[in-house]
Amino acid sequence: MITLNFKNKDKSGGYIALISAAIISILLIVVGLTLNISAFFARFNALNDEYKKQSLNLAEACVDVARLRLAENMSYAGNNEEITIDAGKCYIVSVSQPAPHTIRTKGIFPNALPQKSYSNIQAVVDYDLNILSWAEVAKF
């Protein structure tokens, strides 16, 4: 008859494997969460970039509207005229008199959401409404 002796068996092998599996699982979870959070915030950065492009386009459109108003009436002054285009707004803040005219406009996008992007354009046009200078400024 064969007798098996299990008294000298090392019992720590299962404990080491269990702790190793737990540590590896925690590391994988941390790496996965980090990658997901960075992708989540990258989405908002792309959205803010799109909002900025739209508000800049609106401000530029208001410069063109102000040039049109000047072509119709050379004494046009702007005076915060509001122009709504789809989900955005732009304002013709002011038009200086006499020529060369300094046109100041502001674009805001989106109009309905709490998070908005603002763009301010300052353009200088001569008597023939040719653009002499064009710049985005921080504020007026």
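Where is the place of I19? Select I19 and then extend the selection to residues 13-72, and you have helix α1, in which I19 lies; helices here are DSSP runs of H or I with at least four residues, strands are runs of E with at least two, and both are numbered from the N terminus. The model is a predicted one, in which local features need pLDDT of at least 70 and side-chain atom pairs count only at pLDDT 80 or more, while totals for chains, interfaces and linings use all residues. Residues are numbered from 1 along each chain as its sequence is written, and side-chain values use heavy atoms, with hydrogens and water left out.

Next, show the whole chain as a cartoon. The protein has 1 helix and 5 strands, in the order α-β-β-β-β-β from the N terminus. Its radius of gyration, taken over C-alpha atoms, is 32 Å, well over the 14 Å that the globule rule (2.2 Å times the number of residues to the power 0.38) gives for 140 residues, so the protein is more spread out than a compact globule. Along the principal axes, the C-alpha atoms fill a box of roughly 115 × 25 × 20 Å.

Now colour by burial, where buried means under 20% relative accessible area, exposed over 50%, and partly exposed in between (1.4 Å probe, protein chains only). Buried residues are 24% of the 140, whereas I19, with a relative accessible area of 36%, is partly exposed.

Finally, consider contacts, meaning heavy atoms within 4.5 Å: among those with a separation of 6 or more, 41% join residues 24 or more positions apart.
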